[in-house]
Amino acid sequence: IWSSDLSYQGGEITGVACDGRQFWSVVPENNCIVSYSISHKKFSMRIGAKDSPSFNKPVSISKYNDELFICNSGSHKVRTINLNDYSVSDFRIFDEPVYKYLRSCGKEIVVLESGVYVL
């Protein structure tokens, strides 16, 4: 059994999306998404950076099929990362901070600053 606190370049890691032998997390302070290899016990990839426009205060992450969905409270966007080519795209844009995106029972659900909505 292994136990440890995880941080990335001094930034707190929040949110987890499992992807086989690794998991993806967001690092709000560093405006990035990181993957952590469970078997190697180390970070294996980073997408975004403190001064990069890719993400703006990412706060949560989820995975559906071959895409990651990242909620950005700073830019009011849900952005996607295609796990086949690692391209980043806008998925949904809101007029207020977005904190969580999920799918359940064929519905899309989003948590915004003003409440929870079914899209």
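Two strands count as paired if DSSP finds at least two bridges between them. Strands are DSSP runs of E with at least two residues, numbered from the N terminus.

This is a predicted model, in which local features need pLDDT of at least 70 and side-chain atom pairs count only at pLDDT 80 or more, while totals for chains, interfaces and linings use all residues. Residues are numbered from 1 along each chain as its sequence is written, and side-chain values use heavy atoms, with hydrogens and water left out.

**Stop 1: strand β5**

Select residues 32–37, which make up strand β5; six of its six residues are buried (under 20% relative accessible area with a 1.4 Å probe, protein chains only; exposed is over 50%, partly exposed in between). Cys32, Val34 and Tyr36 lie on one side and Ile33, Ser35 and Ser37 on the other, and both faces are covered.

Add residues 22–27, strand β4, which pairs with β5 in the antiparallel sense over six bridges. Valine 26 has isoleucine 33 of β5 as its bridge partner. In the turn of this hairpin, which has four residues between the strands, asparagine 31 has a positive phi of about 50°.

Now add residues 42–48, strand β6, which is also joined to β5 by six bridges in the antiparallel sense. Isoleucine 33 stands opposite isoleucine 47 in β6. The hairpin of β5 and β6 has four residues between the strands, and lysine 41 takes a positive phi near 55° there.

**Stop 2: the sheet β7 to β10**

Move to the open sheet of four strands, ordered β7-β8-β9-β10 with antiparallel pairing. Its edge strands are β7 (58–64) and β10 (88–93), each pairing on one side only. Neighbouring strands here are turned by 25° against each other on average, direction ignored; the axes are lines fitted to C-alpha atoms, with angles from 0 to 180 degrees between N-to-C directions.

Select residues 77–82, strand β9, which five bridges join to the antiparallel β10. The hairpin of these two strands has five residues between them, with tyrosine 86 at a positive phi near 60°.

**Stop 3: arginine 79**

Which residue of β10 is the bridge partner of arginine 79? The partner is aspartate 90. The side chains of these two residues are also joined by a polar contact of 2.7 Å (a pair of N or O atoms within 3.5 Å; within protein, one must be able to donate a hydrogen and the other to accept it, and residues adjacent in sequence count only if both atoms are side-chain atoms).

Arginine 79 is buried, with a relative accessible area of 14%. Show the residues in contact with arginine 79 (heavy atoms within 4.5 Å), leaving aside neighbours within four places in sequence: among them are Pro53, Phe55, Leu68, Ile70, Val88 and Phe91.
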